[in-house]
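Please examine the model shown below together with its sequence. The paragraphs that follow lead through selected parts of the fold in turn.

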There are 2 protein chains.
Amino acid sequence: MNEIDVEENVRGRVVPADSIPQIAERLAHEAAADIADYLDGLEPEEAAAILAALPPERAVEALDQSSLEAGPEIVAALPEETAVSLLEGMSADRVAGIFRELGEPEHSRLLDRLDAGTRASLKTLLAYPEESAGSIMTTEFVSVPGNWTIAETLHHIRMVERTRETVYSVFVTDPVRHTLVHAVSLRRLVSGDPHANVLSAAPKRRVIKIAALAPREEVVRLISKYRLLAVPVVDVRNHVIGIVTVDDVIDAMVESQTEQVQRFGGMEALDEPYMDIGFWAMIRKRAGWLSVLLLGEMLTASAMQGFEGELSKAIVLTLFIPLIMSSGGNSGSQATSLIIRALALHEVRLRDWWRVALRELPSGIALGSILGLIGIVRISAWQTLGLYDYGEHWHLVAATVGAALVCVVTFGSLAGSLLPFVLKRGGFDPAVASAPFVATLVDVSGLVIYFSVALVILHGTLL
Amino acid sequence: MNEIDVEENVRGRVVPADSIPQIAERLAHEAAADIADYLDGLEPEEAAAILAALPPERAVEALDQSSLEAGPEIVAALPEETAVSLLEGMSADRVAGIFRELGEPEHSRLLDRLDAGTRASLKTLLAYPEESAGSIMTTEFVSVPGNWTIAETLHHIRMVERTRETVYSVFVTDPVRHTLVHAVSLRRLVSGDPHANVLSAAPKRRVIKIAALAPREEVVRLISKYRLLAVPVVDVRNHVIGIVTVDDVIDAMVESQTEQVQRFGGMEALDEPYMDIGFWAMIRKRAGWLSVLLLGEMLTASAMQGFEGELSKAIVLTLFIPLIMSSGGNSGSQATSLIIRALALHEVRLRDWWRVALRELPSGIALGSILGLIGIVRISAWQTLGLYDYGEHWHLVAATVGAALVCVVTFGSLAGSLLPFVLKRGGFDPAVASAPFVATLVDVSGLVIYFSVALVILHGTLL
């Protein structure tokens with residue numbers, strides 16, 4: 001048998017049935033993430049056969065990988081007995097992730113066979129709305145009452161270590177009311193005085209926690225800002241009901257980065273790898289925004305119909321329509337991308353919109369002047385070198401293009417930078433302001449600005 | 001004195017000198033990240049005064065925050081004595097980060113006064129090229145020889161815990177050759193048999209490590225794929241020379257996300273918060289791409305000059321130029337954003353370009369047909385409802401617009417999806433293919449396609 005290339009990930013490889021034990025044996029020594037990658041490349045039935053042939057603890061680890069795309073399909077293809085025992089060994093957040101996508105009849109059938117503890121924590125997790133802290137938390141954490149010593153805490157950690165997602169953050173609760181008092185780190189417990197109270201190992205600042213219904217982005221922000229390995233999720237009574245760990249946050253960041261790039265590219269987020277998503281599902285995600293943008297862009301046709309008279313008198317003006325429109329769109333999409341990120345990173349707040357406007361106004365004028373100058377030089381050069389004849393009033397045409405570029409770029413920068421504020425103020429995610437969206441918005445106004453500038457400059461000559 | 005709003009971050013607040021001890025006392029109980037945020041809002045001299053008034057270990061923690069933008073300025077404003085003692089307490093990677101931005105004469109003056117150990121590790125870190133694993137690693141890690149027991153290892157951890165970036169990953173080296181043998185986690189050490197060899201706590205898979213000169217993205221990929229808290233950085237002899245921890249990876253991800261959005265918006269990455277960057281620095285970052293795009297867009301003027309005859313015969317065609325061009329650009333920027341992310345996530349490889357082309361060709365035709373249909377309906381409706389008169393051959397005009405939309409959108413999807421491959425193949429970062437870049441590329445071809453379709457359909461009638 002050849003070496004298995006575990007980093008390879010192409011769907012639809014075929015594995016001969018008699019080589020499954022050998023493959024399982026080799027995979028058993030690979031990292032869980034690599035096993036998951038390999039399984040993702042197989043048909044669910046084959047992946048299930050290999051999973052069943054792995055040592056159970058390695059199979060659980062592989063299923064526990066959030067990178068495993070085909071988890072629900074593989075679980076559905078497993079013998080029920082095996083599926084139940086693997087699910088019971090997995091971390092609660094991953095089990096919830098699999099059950100969210102698991103179809104019927106497997107969903108109810110497997111749910112009924114899980115042990116009471118797993119079923120209860122699963123039901124809790126599934127009850128939280130998607131994108132909330134509660135929906136991405138896991139219930140396997142360590143908490144100890146505040147009257148324990150460090151030695152007692154360490155002893156407890158040794159007992160439960162194997163079944164916990166992390167033991168590096170330990171949550172200390174009020175011995176009577178069971179509310180969250182503080183978080184201590186394993187490193188401070190290990191180096192602390194064994195006979196001292198567990199709280200002696202706690203840092204001298206308030207504990208950082210998150211409400212179960214808080215949005216997922218807030219978890220990401222807390223963990224990355226305060227450099228936590230895990231953040232406790234609390235209910236309204238301040239009882240710890242779960243934790244979100246740093247690796248969940250990394251997953252969430254990778255996912256949100258993909259979403260953001262796809263949405264800024266002018267489409268709905270795919271939510272699936274490009275090569276895996278079905279043809280019509282992809283068309284649906286892309287056609288919506290394209291159609292909306294087309295309808296918006298139709299206003300340019302209406303605007304040009306309004307300038308029909310000017311157009312027929314000065315056809316030379318049409319030559320520069322694409323150039324002027326796209327410059328407005330480009331400066332707008334620059335400004336929008338800047339402000340979307342600045343808002344996401346809390347560098348600017350909603351109330352700072354006027355500061356941004358005061359920066360973008362001079363920026364737009366400066367950028368527009370640079371582009372306007374280039375435009376004038378281009379027209380003058382072509383005319384002087386005899387490459388094209390823009391007519392006897394060519395210097396007025398050049399002036400029109402230059403002045404229009406200044407105005408359109410200034411307008412684009414201002415509109416592009418303020419659009420995310422308007423969206424956020426209106427309760428929308430500012431990230432829906434994609435580059436094509438801004439470009440379309442600026443296109444129509446760009447045309448009107450161009451023809452208005454032309455009317456002023458060319459009045460009495462061409463128009 | 002009022003409550004300090006530590007989450008507030010506005011530059012240039014003024015702090016009365018006599019309130020500094022009080023502010024320091026309050027800040028001392030806040031999280032280090034919040035102290036850093038607060039200091040970032042002050043003038044460097046004020047921030048330095050407050051830092052000097054904080055308990056030294058809190059001051060070190062605050063300076064250790066990678067979110068502290070003004071670190072170098074604050075260090076420069078500190079009394080030399082204080083600066084040196086704080087720098088010696090900080091983690092080596094942050095000290096290196098500060099020295100990279102510290103101007104002269106502070107750079108050499110402080111460097112000379114650091115103790116030999118700090119200076120040596122600082123010089124090592126500063127020698128690695130930016131964006132390499134070596135440049136973001138830190139040198140404060142725990143490693144033990146492979147012939148130690150778990151008890152000896154835990155004892156060593158207790159001794160050095162305070163001075164290490166993390167003690168959760170412990171690196172086991174060959175007792176003779178000092179090469180990296182394996183990594184063990186503190187959780188397994190704590191729950192392991194104290195008398196057993198340290199390697200008994202190691203997982204049964206190969207150790208994951210990274211070469212010092214590997215790119216930063218590779219560290220991000222390893223840590224997020226294998227869910228590590230730290231990855232060891234090794235030199236050519238396989239000696240551990242440092243570690244990169246998960247919080248560095250989160251910083252790198254936030255930074256790269258900002259860069260990616262800004263670049264996809266059609267500009268150079270700012271590398272500084274929007275509100276902090278100087279006016280002319282920002283203009284420079286934005287004007288470059290805008291000018292390049294304008295020069296590219298000038299080809300549209302040239303293309304239209306080539307169709308001057310057709311334009312003057314059928315002015316009605318000009319009405320739909322913006323609409324057709326922008327649809328091509330929009331479908332192109334969708335496709336590009338999809339492929340940039342798929343390449344970044346290793347969902348598709350360079351050699352998969354033809355698979356992508358085989359997906360985008362039918363997608364483009366389907367999307368183009370949808371848009372074409374909308375276009376035809378729009379023109380027919382306006383004509384039939386008497387909103388505008390497109391002339392006696394209006395149905396041919398509608399057919400031209402419809403057919404042109406199919407062709408332009410198909411071309412846009414194909415070109416937009418293949419552009420990142422071409423860039424990657426040519427040794428460029430595929431992410432330089434911004435939405436405006438793709439739109440400009442598709443605009444010129446879109447015009448040519450539109451007029452060619454018009455020539456075919458309108459030949460003998462309008463043209």
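The account begins with an open sheet in chain B, built from three strands in the order S1-S2-S3 with mixed pairing. Strand S1 (142-145) and strand S3 (180-185) of chain B are the edge strands, each pairing on one side only. From one strand to the next, the twist averages 30°. The model is a predicted one, and local features are described only where pLDDT is at least 70.

Within this sheet, S1(B) and strand S2 (residues 169-173) of chain B run in the parallel sense and are paired over four bridges. One point of reference in this pairing is B:Ser143, whose bridge partner in S2(B) is B:Phe171. Helix H11 (residues 150-160) of chain B packs on the sheet and touches both S1 and S2 of chain B. The direction of H11(B) makes about 150° with that of S1(B).

A second open sheet of chain B also consists of three strands, here in the order S4-S5-S6, and its pairing is again mixed. Its edges are formed by strand S4 (210-211) and strand S6 (240-245) of chain B, each of which pairs on one side only. S4(B) runs parallel to strand S5 (residues 230-234) of chain B, and two bridges join them. The register can be followed residue by residue: B:Ile210 has B:Val233 as its bridge partner in S5(B), while B:Ala211 stands opposite B:Val234.

On the side of S6, the sense of pairing is antiparallel, with five bridges between S5(B) and S6(B). Here B:Val233 stands opposite B:Gly242 in S6(B). B:Val233 is thus a reference point for both pairings, having B:Ile210 as a bridge partner and B:Gly242 opposite it in S6(B). The hairpin of S5(B) and S6(B) has five residues between the strands, and in it B:Asn238 takes a positive phi near 70°.

How many of the five residues of S5(B) are buried? The strand is mostly covered, with five of its five residues buried. The cover extends to both faces: B:Ala230, B:Pro232 and B:Val234 are buried on one side, and B:Val231 and B:Val233 are buried on the other.

Helix H14 (residues 246-264) of chain B lies across S5 and S6 of chain B, at about 60° to S6(B). H14(B) has 19 residues and reaches 26 Å from its first C-alpha to its last, close to the 27 Å expected at 1.5 Å a residue. After H14(B) comes B:Gly266, whose phi is positive, near 90°.

The loop between H14 and helix H15 (279-306) of chain B contains B:Glu272. Is B:Glu272 buried or exposed? B:Glu272 is classed as partly exposed because 14 other C-beta atoms lie within 10 Å, whereas a buried residue would need 20 or more and an exposed one would have 12 or fewer. B:Glu272 and B:Met282 are 10 residues apart in sequence, and their C-alpha atoms are 9.6 Å apart in space.

Attention now turns to a helix pair. Helix H19 (residues 394-425) of chain B packs against helix H20 (residues 435-458) of chain B at an angle of about 150°, with the axes 8 Å apart. The crossing of H19(B) and H20(B) is right-handed. From H19(B), the residues that meet H20(B) include B:Leu396, B:Ala403, B:Phe411 and B:Leu419; from H20(B), those that meet H19(B) include B:Val438, B:Gly446, B:Tyr450 and B:Ile457. The residues of this contact divide into 18 nonpolar, five polar and no charged.

B:His395 is also found in helix H19 of chain B. B:His395 is partly exposed because 13 other C-beta atoms lie within 10 Å. B:His395 and B:Ile376 are 19 residues apart along the chain, and their C-alpha atoms are separated by 8.5 Å.

The final topic is the contact between the chains. Chain A and chain B contribute 94 residues each. On the side of chain A that touches chain B, helix H17 (residues 321-344) of chain A gives the most, with 16 residues. The residues on that side divide into 54 nonpolar, 25 polar and 15 charged.

How values were computed. Residues numbered from 1 in each chain as written. Chains lettered and ligands numbered in written order. Predicted model: local features only at pLDDT ≥ 70, side-chain atom pairs only at ≥ 80, totals over all residues. Pairing = 2+ DSSP bridges. Axes fitted to C-alpha atoms, helices over the stretch in contact; angles between N-to-C directions. Contact = placed C-beta atoms within 7 Å. Expected span 1.5 Å × (residues − 1). Nonpolar A, V, L, I, M, F, W, Y, C, P; charged D, E, K, R; others polar. Left-handed = near helix turned anticlockwise from the far one by under 90°.
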